[in-house]
Amino acid sequence: MILKFLILGLLVYLFIVLLYSSLKRKGSNTDPSQGESMVLDPHCKSYVPKNEAYRSGGHYFCSEECARAYAAQQV
Ligand SMILES: [Zn+2]
């Protein structure tokens, strides 16, 4: 009886540990501070991958529209 509970408890524990470690690994992959370098769009305050960003006036933007809108504000 007790042994059954011990085995079940151990299985549940192992499952939780495996689940937690896989979640942790996934989380570090999507961390914007790691891996591919991200740049901040100063207009809409969103992060964009540097290789996909639109560059204008020393700033990086998510789109040409944001670059134009930002430039219009800097009078
Ligand atoms: Zn933007």
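Colleague: Why is Lys45 called exposed?

Modeller: Lys45 has 8 C-beta neighbours inside 10 Å. A residue is exposed if 12 or fewer other C-beta atoms lie within 10 Å of its own, buried if 20 or more do, and partly exposed in between, with C-beta atoms placed from the backbone. So Lys45 counts as exposed. Bear in mind that this is a predicted model, where local features need pLDDT of at least 70 and side-chain atom pairs count only at pLDDT 80 or more, while totals for chains, interfaces and linings use all residues. Residues are numbered from 1 along each chain as its sequence is written.

Colleague: Where does Lys45 lie, and what is its phi?

Modeller: Lys45 sits in the loop between E1 and E2. Its phi is near 55°, a positive value in a residue other than glycine.

Colleague: What makes E1 and E2 strands?

Modeller: Strands (E, at least two residues) and helices (H or I, at least four) are DSSP runs, numbered from the N terminus. The chain has two helices and four strands, and the pattern along the sequence is α-β-β-β-β-α.

Colleague: His43 is in the loop between E1 and E2 too. Why is His43 called partly exposed?

Modeller: There are 19 other C-beta atoms within 10 Å of His43, so the label is partly exposed. Tyr47, in strand E2 (residues 47-49), is also partly exposed because its count is 14.

Colleague: Which residues does His43 touch, leaving out those up to four places away in sequence?

Modeller: Those are Phe61, Cys66, Ala69 and Tyr70. Touching here is contact: the C-beta atoms of the two residues, placed from the backbone, lie within 7 Å. With the same sequence neighbours left out, Phe61 touches residues including Asp41, His43, Ala53 and Tyr54.

Colleague: What makes a group of residues a nonpolar core?

Modeller: A nonpolar core is a set of buried Ala, Val, Leu, Ile, Met, Phe, Trp, Tyr and Cys residues joined through C-beta atoms within 7 Å. The largest one here has six residues: Ala53, Tyr60, Phe61, Cys62, Cys66 and Ala67. Strand E4 (59-61) and helix H2 (64-73) each supply at least two of them. Across the chain, 8% of the 75 residues count as buried.

Colleague: How do you know how confident the predictor is?

Modeller: From pLDDT, its confidence in each residue, from 0 to 100. The chain averages 87, and 87% of the residues score at least 70. Among the elements, helix H1 (residues 2-29) has the lowest mean, 86, and E4 the highest, 96.
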